[in-house]
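Work through the exercises below with the sequence and the 3D structure open beside you. Try each task before you read its solution.

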Amino acid sequence: MSPHRPSDQARTAPPTARFARHGWVAAFGTALAALLVMTAVAALGLWAAGAADLPDGAFPRVVAATVVTAVGGTVELSGDAGGLAGADTGMTLLPLSVTLAGALVVGAGFLRPLRHRAVAGAGELAGWAARIAVLWLLGLLALALAARQTFAVSLGDDTLNSLGELFGINPEVGFAADVPLTLVVGLVWLAGVLLLALLVARGAPLPGGLLRLQESVRPAAYAMVVLLLAWVVLGIVVTLVVAATRGHVAETFAVALLGLPNVVWPAFTIGMGGTWNGRVEGPFGLPMPHVLDEVLRGEDTAAVNLRSLAEQDGRVWWLVAVNAVLLLAAGFVAAARSPAGTRLWVHAARMAAALPLTVLMICLVCRISAHYGLTVLGISEVGGLSGELVLNPDVWPMLGLAVLWGLVAGFLGALPARRLRRRGEVPPS
């Protein structure tokens, strides 16, 4: 028998160990950690926004509803005000701070057992993802079933309250998760996060047939994720400064914990020259930056861009400079992770393709449509019980600007990267 036989057998053990490391226990830990982190972020944000004072012990159910909407699930709002009154409510809004927290945890948990490997079979990856998906859906099901509540609404005026009592009007509003749709959309969300994690992480193994993406897609995809996270980090810094210097600490942290990407990612597109259109009417309770609130209340449909925001605060023009620096840095990162010898025009073309896709994603997830209203005896907007918030992107001009910014940033960012020595590259003798 060869003296090296035990060593050879030892070498055959790691594959089995690797499969064991991403079994059901690891999948349970990944799904549970993601849901717990999302719940914690949502709870802290809602507490800062004052939701802990909701009646009937509704706070945990509102937290559950927030997590459900964070993964794209549907929470249907309802209103019942009796035969002589009407109620109308609706909301489309993703709390992207909660979404981002969950995506980062899920991605890290998915990739951790796979690190330090160059190739993995499609069946192995699919099996590992399926384990996470099963346990993820069970947790999401529990949250969706818990996300339902009904509230009684005061008419806010003595006369109207008296009329309500006289005619038996007892207005109520409530919410309930659409469980089947939430599970379907939540599964799609999970699949998207896992796929993005594979595309972005350099150390993540790919099936043999997809190895070509290692050089053509991963560098630009990684750069876009770094760019988005850089804007979030910048938003955190601004949040801390605002909280320390201007007060309103609870409201400021409510914005950060619930919807920081909802603010900084549109700001990124505005810094490129893009425009969002929207309006705010009534005493709407969603937290938002003061300068944005001022612009949206200015007219029926307001254009939110560099010019309109600068009329409220001239420091908004700094968005252009910050944008230029971060996009050049993204171009450099993408080029630095690409193979040596890649031509400058290829770097520029890849950035010109990746940046519009990133902007399109921002346009899809950051749009807001929310309204509520109560009519009693034909009197609309009684007692301040009506409000509306709408914010939608002007998509096509924004995508065109993203192509131009991508071309310039990809080309200029790649120039200094040409002098870098890539990992594994042999220096010239």
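The exercises go from the whole chain to helices and then to single residues.

This is a predicted model, in which local features need pLDDT of at least 70 and side-chain atom pairs count only at pLDDT 80 or more, while totals for chains, interfaces and linings use all residues. Residues are numbered from 1 along each chain as its sequence is written, and side-chain values use heavy atoms, with hydrogens and water left out.

**Exercise 1. The whole chain**

Task: State how many helices and strands the chain has, and what percentage of its residues count as buried.

Solution: Begin with the elements, which are DSSP runs numbered from the N terminus (helices are H or I with at least four residues, strands are E with at least two). The chain has 15 helices and eight strands. Next take burial, where buried means under 20% relative accessible area, exposed means over 50%, and partly exposed lies in between (1.4 Å probe, protein chains only). Of the 429 residues, 43% count as buried. Finally consider contacts, meaning heavy atoms within 4.5 Å: among those between residues at least 6 apart in sequence, 77% join residues at least 24 apart.

**Exercise 2. Three helices and their spans**

Task: Compare the end-to-end distance of helices α2, α13 and α15 with the expected span, and find what packs on the buried residues of each.

Solution: The expected span of a helix is 1.5 Å times one less than its number of residues.

- Helix α2 (residues 24–48) has 25 residues and should therefore span 36 Å, which agrees with the 36 Å between its end C-alpha atoms. Its buried residues include Ala27, Leu35, Met38, Ala42 and Leu46, and what covers the buried residues of α2 includes α3, α4, α5 and α10. Just after α2, Gly50 takes a positive phi of about 95°.
- Helix α13 (residues 318–336) has 19 residues, so 27 Å is expected, and its end C-alpha atoms are indeed 27 Å apart. Among its buried residues are Leu319, Asn323, Leu326 and Leu327, and the buried residues of α13 pack against α9, α10, α12, α14 and α15.
- Helix α15 has 23 residues and reaches 32 Å from its first C-alpha to its last, close to the 33 Å expected. Its buried residues include Val395, Met398, Gly406, Gly410 and Ala414, and their cover includes α10, β5, α13, α14 and β8.

**Exercise 3. Two helices that cross**

Task: Describe how α9 and α10 cross and which classes of residue form their contact.

Solution: Axes are lines fitted to C-alpha atoms, for helices over the stretch in contact, and angles run from 0 to 180 degrees between N-to-C directions. The axes of α9 (residues 218–246) and α10 (residues 249–271) come within 9 Å and cross at roughly 145°. This crossing is right-handed, where a crossing is right-handed if the near helix is turned clockwise from the far one by less than a right angle, and left-handed if anticlockwise. The contact has 16 nonpolar, three polar and no charged residues, with Ala, Val, Leu, Ile, Met, Phe, Trp, Tyr, Cys and Pro counted as nonpolar, Asp, Glu, Lys and Arg as charged, and the others, Gly among them, as polar. One of the α9 residues in this contact is Thr239, which counts as buried because its relative accessibility is 10%. Leaving out residues up to four places away in sequence, Thr239 touches Thr252, Phe253, Ala256 and Leu260.

**Exercise 4. Two residues of α14**

Task: Is His347 buried or exposed, and which residues does His347 touch?

Solution: His347 lies in α14 and is buried, because its relative accessible area is 8%. Not counting residues up to four places away in sequence, His347 touches Ala335, Ser338, Thr342, Gly410 and Ala414. The C-alpha atoms of His347 and Phe411, 64 residues apart along the chain, are separated by 6.2 Å. Arg350, also placed in α14 (residues 344–365), is partly exposed, because its relative accessible area is 24%. With neighbours within four places in sequence set aside, Arg350 is in contact with Glu215, Ser216, Ala220, Ser338 and Thr342.
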